[in-house]
Amino acid sequence: MTSPTTHAIVGSGNIGSALAQLFARAGIDVSIANTRGPESIRQLAASLGSSVHAVPLEEALDSDVIFMAIPFPAVEQFGKSRPDWTGKTVVDTTNAHYTPNLAETLQGRLSAQYAADQLPGADIVKAFNQLPANTLAAELDPELGRRVIFIATDSPQAGDRIAALVGDLGLAAVQLGRIDEGGRLIQVPNALVLRNLIERPLS
């Protein structure tokens with residue numbers, strides 16, 4: 001077992017792969033894992049370069065910042081991967097909109113609040129969910145500006161940490177405040193979902 005990276009992506013589907021591309025392009029080390037084991041994503045990691053590392057799920061969960069890039073119905077089981085998530089920052093990239101029996105599952109909560117209940121002790125940051133994977137991964141000419149990523153969290157410290165990482169990835173972070181306020185705006189199908197905004201420097 002190697003030493004865990006600071007950042008890990010759990011999930012190798014469209015969003016997980018898009019996130020891995022962003023890390024690779026920025027040259028930032030990241031682990032990527034899924035429930036099928038590292039061999040199933042070895043080829044993906046190799047295609048993206050030396051900064052993306054396919055690892056077992058248990059190793060990814062040792063990272064400080066974990067991107068939860070899994071289908072929303074899998075969140076409950078994912079939460080059982082650790083008995084205590086204290087000290088972890090979990091970036092919730094899920095979208096729950098088309099989940100069967102969603103109202104029964106959420107019971108009046110926002111999807112990120114539900115995720116927080118499943119991952120006790122974690123600092124939940126809702127982000128990287130408002131754009132389709134192909135748009136999120138698409139390279140943008142720096143002269144045009146930086147693609148905006150919206151962030152909502154009840155932990156200002158975690159929000160600042162992810163906002164700084166967003167900048168390191170070549171994107172522009174816009175913090176929306178608490179999950180019950182700003183987080184509502186980036187829950188499908190609300191106002192900021194599918195808004196592909198570009199931040200341009202003031203001239």
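So, Asn101: you'll find it in the loop between E5 and helix H5, which is 102-106. Keep in mind that this is a predicted model. The backbone there is a bit unusual: Asn101 has a positive phi of about 55°, and it is not a glycine. For context, most residues other than glycine have a negative phi. Is Asn101 buried or exposed? It counts as exposed, at 57% relative accessibility.

Go past H5 and there's another one. Gln107 sits in the loop between H5 and helix H6, residues 111-118. Phi of Gln107 is near 50°, again a positive value in a residue other than glycine. Gln107 is exposed too, with a relative accessible area of 63%.

While we're on backbone oddities, where is the cis bond? It's the peptide bond from Val188 to Pro189, with omega near 10°. Most peptide bonds are trans, so that one is worth a look. Pro189 belongs to the loop between helix H9, 179-185, and strand E9, 198-199.

Okay, back to E5, because I want to talk about the strands. E5 is residues 89-92, and both of its faces are covered. On one side you have Thr89 and Val91, on the other Val90 and Asp92, and all of them are buried. On to its partners. Strand E4, residues 65-68, runs parallel to E5, with 4 bridges joining them. If you want a residue to click on, take Met68: its bridge partner in E5 is Asp92. E5 also runs parallel to strand E6, residues 123-127, again through 4 bridges. There, Thr89 has Asp123 as its bridge partner in E6.

Now the rings. The count comes to 4 aromatic pairs. Take Phe23 and Phe67: the centres are 5.7 Å apart and the planes are at 85°, so that's edge-to-face. Phe23 is in helix H1 and Phe67 in strand E4, so this pair ties together parts that are 44 residues apart in sequence. Both Phe23 and Phe67 are buried. Then Phe67 pairs again, with Phe128: centres 5.6 Å apart, planes at 75°, so edge-to-face as well. Phe128 is in the loop between E6 and helix H7, 133-137, while Phe67 is in E4, so here the pair ties together parts 61 residues apart in sequence. Phe128 is buried, as is Phe67. Put those together and ring pairs link Phe23, Phe67 and Phe128 into a cluster.

What touches Ile9, leaving aside its neighbours within four places in sequence? Phe23 and Phe67 are among its contacts, and so are Leu19, Val30, Ile32 and Ala69. Ile9 lies in strand E1, residues 7-10, and it is buried, with a relative accessible area of 0%. Ile9 and Leu57 are 48 residues apart along the chain, and their C-alpha atoms are separated by 9.5 Å.

A little further on is Ser12, in the loop between E1 and helix H1, which is 14-26. Ser12 counts as buried at 19% relative accessibility, because the cut-off is under 20%. Its side chain makes a polar contact of 2.9 Å with the side chain of Asn34. Beyond four places in sequence, the contacts of Ser12 include Arg36, Ile41 and Leu44.

One last thing for the cation-pi fans: Arg82 lies over the face of Trp85, at 5.9 Å from the ring centre.

Methods: Residues numbered from 1 in each chain as written. Predicted model: local features only at pLDDT ≥ 70, side-chain atom pairs only at ≥ 80, totals over all residues. Heavy atoms only, no water. Buried < 20%, exposed > 50% of the residue type's maximum accessible area, 1.4 Å probe, protein only. Helix = DSSP H or I, 4+ residues; strand = E, 2+ residues; numbered from the N terminus. Pairing = 2+ DSSP bridges. Contact = heavy atoms within 4.5 Å. Polar contact = N/O pair within 3.5 Å; in protein donor to acceptor, adjacent residues only side chain to side chain. Phe/Tyr/Trp six-rings, centres within 6.5 Å; stacked < 30°, edge-to-face > 60°. Lys NZ or Arg CZ within 6 Å of the ring centre and 35° of its normal.
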